[in-house]
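Subject: Structure for you to look at

Hello,

Here is the structure I promised. Please open it and keep it on screen while you read my notes below.

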Amino acid sequence: MRFALRQAASGDLEDLVEIRAVVMRPDLERLGRYDAHRVRQRLRDGFSPEHTQIIEVGGELAGSIAVRPAEDRRWLEHFYLAPQHQGQGLGTEVLRTVLDSTDGTVWLNVLQGSPARKLYERHGFVVDSEDPVDVFMVRKFL
């Protein structure tokens with residue numbers, strides 16, 4: 001699938017907030033943690049355009065991915081694909097592209113039971129720790 005990545009701008013936030021709400025809802029409901037306001041506000045509170053890339057397919061917004069630097073690692077965050085773009089290999093291509101251009105150890109967390117965990121495992125992430133809600137995964141610099 002052909003896609004493009006571009007730097008996020010502050011004007012992208014509300015569209016991304018809605019994609020996140022739709023994408024996260026099934027897993028959050030399954031975990032008994034869905035809150036329509038909170039699912040949107042968490043992205044608003046953590047949005048960092050300078051670390052976020054917009055995923056476009058055919059010139060239209062398809063999702064986002066962020067890599068935020070921390071002390072000795074990078075955090076992969078806010079990786080969301082709109083439902084109509086899921087299940088077609090786009091996530092694999094985007095993740096491969098981003099990881100190929102990211103050096104250092106990369107961390108992420110994924111919700112318990114999320115099908116996204118399999119995608120991350122295929123890209124070399126392993127479980128570091130988990131709690132009843134989140135699974136924390138790490139990919140050592142290859």
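Start at one pair of residues: Leu 111 stands opposite Asp 134 in β7. That pair belongs to a larger pattern, in which β5 and strand β7 (residues 134–139) run antiparallel and pair over 6 bridges. Bear in mind throughout that this is a predicted model.

**Strand β5 and its partners**

Stay with β5, which spans residues 106–111. How many of its residues are buried? The count is 5 of the 6, so the rest of the structure largely encloses this strand.

β5 also pairs with strand β4 (residues 74–81). Here the sense is parallel, and there are 2 bridges. Look for Arg 74: its bridge partner in β5 is Val 106.

Now add a helix to the picture. Together, β4, α3 and β5 make a β-α-β unit, and the unit is right-handed.

**Helix α3**

Helix α3 covers residues 90–100. Its buried residues are Leu 90, Gly 91, Val 94, Leu 95, Val 98 and Leu 99. Where do they sit when you look down the axis of α3? They fall within an arc of 150°, so the buried residues line one face of the helix. There is a general reason for such spacing. An α-helix has 3.6 residues a turn, so residues three or four places apart point the same way.

**Met 24**

Next, go to helix α1 and find Met 24. Is Met 24 buried or exposed? Its relative accessible area is 15%. The cut-off for buried is under 20%, so Met 24 counts as buried.

What does Met 24 touch, leaving aside its neighbours within four places in sequence? The contacts are Val 39, Tyr 80 and Leu 111. You have met Leu 111 already, opposite Asp 134.

You can also check a distance. Met 24 and Leu 13 are 11 residues apart along the chain. Their C-alpha atoms are separated by 16 Å.

**Salt bridges**

How many salt bridges does the structure hold? It holds 9. Here are some of them.

- Arg 6 with Asp 12: the closest N and O atoms are 2.8 Å apart.
- Arg 6 with Glu 56: the closest N and O atoms are 2.8 Å apart. This pair links distant parts of the chain, with Arg 6 in strand β1 (residues 4–7) and Glu 56 in strand β2 (residues 52–57), 50 residues apart.
- Arg 40 with Glu 18: the closest N and O atoms are 3.0 Å apart. This pair also links distant parts of the chain, with Arg 40 in helix α2 (residues 36–46) and Glu 18 in helix α1 (residues 13–30), 22 residues apart.

Arg 6 appears in two of these items. Which residues are linked in a network of salt bridges? They are Arg 6, Asp 12 and Glu 56.

Check how open each residue is, too. Arg 6 is partly exposed, at 32% relative accessible area. Asp 12 counts as buried at 11%. Glu 56 counts as buried as well, at 19%. In the pair with Arg 40, Glu 18 is partly exposed at 36%.

Best wishes

Methods: Residues numbered from 1 in each chain as written. Predicted model: local features only at pLDDT ≥ 70, side-chain atom pairs only at ≥ 80, totals over all residues. Heavy atoms only, no water. Buried < 20%, exposed > 50% of the residue type's maximum accessible area, 1.4 Å probe, protein only. Helix = DSSP H or I, 4+ residues; strand = E, 2+ residues; numbered from the N terminus. Arc of directions from axis to C-beta. Salt bridge = Lys/Arg side-chain N within 4 Å of Asp/Glu carboxyl O. Contact = heavy atoms within 4.5 Å. Pairing = 2+ DSSP bridges. Right-handed = clockwise from strand over helix to strand, strands pointing away.
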